[in-house]
Amino acid sequence: MTAQRQEFDVIDREAAEWVDRMNRPLHDAEVAAEFDRWIMGDPRHVESYARHQALWQSGSLRSALEAAEAAPDDFGTFEDEAVPNWAGQAWKQFAGFAAVALCLVVVLSMGARTLVSESSYAAARGTSREVVLPDGSKVRMSGGTRMDVRITPWSREVALHNGEAFFDVAHEKVRTFSVNAGDSRVTVLGTAFDIDLVDSQTRVVRVYRGLVSVDAGAGRQWRLPAGNGIEVGGGRVRSLGDVRGDHPGWIDGWFDADDTSVQQLVQRINRGSDLPVVLADPGLGQLLVTGRFQTSDPEMVLEALAAIHDLQWRKEKARYVLSH
Amino acid sequence: MRSTLLRYLRARGARPDVADDVAQETLARLIALSQTQQIGSLFALAFRIADNLMIDTRRREMRQETQHSDDVDDEWESDDPSLDRILDSRRALDVLSLCLRRMPPLRREVLIRRRLNHESCRAIGEDLSMSAKAVEKHITRGLLDLRAALDRAGVDFAEFA
């Protein structure tokens with residue numbers, strides 16, 4: 001083996017280490033700077049990193065691992081003739097031990113599968129609902145909210161499909177609690193926070209207790225302590241510094257608007273109201289409002305909106321209409 | 001930065017013309033992002049943006065390919081590039097599966113947990129009673145073995161190709 005070959009091996013090993021490190025949710029500033037230095041250190045570094053990253057992220061590796069996971073016993077055999085006979089006698093002694101270890105792995109993974117719990121929850125339009133998850137975490141779902149929950153011995157994951165939910169997460173030392181909301185992902189160990197899927201692009205996260213990590217993809221990550229919030233959507237980010245109390249106002253039927261669009265406010269009302277509010281002109285949705293609104297009483301909110309922006313509202317048989 | 005990005009994209013299998021466009025667009029987005037928020041690693045962010053742009057480009061091209069073969073009758077005459085790609089990815093899958101099968105079961109378990117279930121090294125270590133460092137070693141070794149297996153088998157492996 002030439003010296004050059006060895007040098008390449010070192011680069012590959014470092015690249016593989018970086019791929020693993022950079023695929024973690026959070027890195028501190030020191031690691032980030034070290035990575036940049038390493039990349040700039042030698043043009044071969046970025047090439048090796050790219051090759052290993054391509055493999056790690058590939059659909060092929062995913063599929064191969066899924067197959068291995070689905071059939072662990074099939075995958076455990078060592079009887080491949082291509083394995084060189086370098087180990088000789090020692091190999092035979094080791095095989096017995098390996099068989100035991102393999103059984104353990106199979107038993108562990110099969111046992112784990114029976115411990116996985118998956119369920120779906122939905123709150124009907126117009127009513128909020130509180131559910132207690134198998135790990136003890138409580139979720140208050142706003143009207144029209146839908147979510148899937150998957151709890152395993154090593155993870156707690158929620159997929160929030162629409163609506164808004166307030167999570168009071170039971171604290172655990174190791175098992176993180178993650179909420180996927182489309183492009184954004186919130187990860188915690190134990191805190192209280194609220195996620196609002198305002199529209200197909202916009203997500204609002206408010207933190208009431210503890211520390212929350214928000215990942216909006218493309219390397220955009222934030223750590224939010226209690227009392228803070230963030231609105232991510234359409235390439236824009238806005239921080240909301242004024243999160244008060246220990247739970248969001250919508251649970252008591254209130255909404256604190258802060259330069260919020262009428263569209264968003266109407267959406268809030270409609271989650272809890274029997275009669276939906278519709279806008280006669282979609283352009284009205286762009287108007288901004290600030291203040292505390294009692295969304296549990298749609299008529300009072302409409303009255304306030306009418307006064308603020310000089311609008312009219314009327315009650316029809318099955319809806320409220322807001323117009324110029 | 002530009003030359004590093006180009007190198008990255010080429011090594012991931014992007015065509016030269018596509019790599020140029022993607023590098024350009026990545027730089028523009030990087031500059032825009034750097035004005036509104038603090039960035040940890042400039043290169044990590046740049047690679048991630050470039051990855052996403054490549055995936056978008058790939059999807060767009062695939063849509064165009066299918067549209068093309070819908071309204072053109074002579075699809076048998078054209079040497080369909082997607083067929084090569086399918087064969088390549090099948091071979092890659094075979095090579096990777098074989099390599100996983102030959103690997104120590106523990107390493108395979110660690111890779112499954114890390115890549116499929118996105119568990120942290122610490123969580124994996126505690127479940128399998130080893131240190132987080134040992135978990136990292138397994139991942140690094142596993143990744144190197146898989147990559148070497150592909151290279152040995154001569155699979156031209158590039159997800160974006």
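These are my notebook entries on a predicted model with two chains, A and B.

**Entry 1. Confidence**

I began with the scores. The model has an ipTM of 0.86 and a pTM of 0.48. I then looked up chain B, where the pLDDT averages 80. In that chain, 81% of the residues score at least 70. I marked residues 70-81 of chain B, because pLDDT, the predictor's confidence in each residue, is below 50 there. Beyond near neighbours in sequence, that stretch has 2 contacts in the model. I took no local details from it.

**Entry 2. Chain A as a whole**

I looked up the make-up of chain A and found 8 helices and 18 strands. The chain has 324 residues, and 31% of them count as buried. I also checked how far apart in sequence the contacting residues are. Among contacts in chain A with a separation of 6 or more, 44% involve residues 24 or more positions apart.

**Entry 3. Chain B as a whole**

For chain B I noted 7 helices and 0 strands. Read from the N terminus, the order of elements is α-α-α-α-α-α-α. Of the 161 residues in chain B, 35% are buried. For contacts between residues at least 6 apart in sequence, 60% join residues at least 24 apart.

**Entry 4. Where the chains meet**

How many residues does each chain give to the contact? I found 47 residues from chain A and 47 residues from chain B. On the side of chain A, the elements that give two or more residues are helices H1 (3-22), H2 (29-41), H3 (43-57), H4 (59-70) and H6 (88-115). H3(A) has the largest share, with 10 residues. I sorted the residues on this side of chain A by type and wrote down 27 nonpolar, 9 polar and 11 charged.

**Entry 5. One helix pair across the contact**

Since H3(A) gives the largest share of its side, I looked at how it meets a helix of the other chain. Two packed helices are described by the angle between their axes and the distance between the axes. The partner I chose is helix H1 of chain B, residues 2-11. The axes of H3(A) and H1(B) come within 8 Å and cross at roughly 35°. Their crossing is right-handed.

I listed the residues that make this contact. H3(A) supplies A:Pro43, A:Val46, A:Glu47, A:Ala50 and A:Arg51. H1(B) supplies B:Thr4, B:Arg7, B:Tyr8 and B:Ala11. By type, the residues of this contact are 5 nonpolar, 1 polar and 3 charged.

**Entry 6. Helix H5 of chain B**

I went on to H5(B), residues 105-116. This helix has 12 residues and spans 16 Å from its first C-alpha to its last, close to the 16 Å expected at 1.5 Å a residue.

Why is H5(B) described as largely enclosed by the rest of the structure? I counted 9 of its 12 residues as buried, so the description follows. The buried ones are B:Pro105, B:Arg108, B:Glu109, B:Val110, B:Leu111, B:Ile112, B:Arg113, B:Arg114 and B:Arg115.

**Entry 7. Two residues with positive phi**

Most residues other than glycine have a negative phi. I noted two exceptions, one in each chain: A:Asp310 and B:His118.

B:His118 comes just after H5(B) and has a positive phi of about 55°. It sits in the loop between H5 and helix H6 (121-127) of chain B. B:His118 has 17 C-beta neighbours inside 10 Å, so it counts as partly exposed.

A:Asp310 has a positive phi of about 60°. It lies in the loop between helix H8 (298-309) and strand S17 of chain A. Is A:Asp310 buried or exposed? It has 8 C-beta neighbours inside 10 Å, so I wrote it down as exposed.

**Entry 8. A tryptophan in strand S17**

I followed the chain into S17 (residues 312-315), where A:Trp313 is found. With 17 other C-beta atoms within 10 Å, A:Trp313 is partly exposed. Which residues does A:Trp313 touch, not counting those up to four places away in sequence? I found A:Leu302, A:Ala306, A:Tyr320, A:Val321 and A:Leu322. I also looked up A:Ala280, which is 33 residues from A:Trp313 in sequence. In space the two are 9.5 Å apart, C-alpha to C-alpha.

Definitions and conventions
Residues are numbered from 1 along each chain as its sequence is written. Chains are lettered from A and ligands numbered from 1 in the order in which they are written. This is a predicted model: local features need pLDDT of at least 70, side-chain atom pairs count only at pLDDT 80 or more; totals for chains, interfaces and linings use all residues. Two residues are in contact if their C-beta atoms, placed from the backbone, lie within 7 Å. Helices (H or I, at least four residues) and strands (E, at least two) are DSSP runs, numbered from the N terminus. Ala, Val, Leu, Ile, Met, Phe, Trp, Tyr, Cys and Pro count as nonpolar, Asp, Glu, Lys and Arg as charged, and the others, Gly among them, as polar. Axes are lines fitted to C-alpha atoms, for helices over the stretch in contact, and angles run from 0 to 180 degrees between N-to-C directions. A crossing is left-handed if the near helix is turned anticlockwise from the far one by less than a right angle, and right-handed if clockwise. pLDDT is the predictor's confidence in each residue, from 0 to 100. A residue is buried if 20 or more other C-beta atoms lie within 10 Å of its own, exposed if 12 or fewer, and partly exposed in between; C-beta atoms are placed from the backbone. The expected span of a helix is 1.5 Å times one less than its number of residues.
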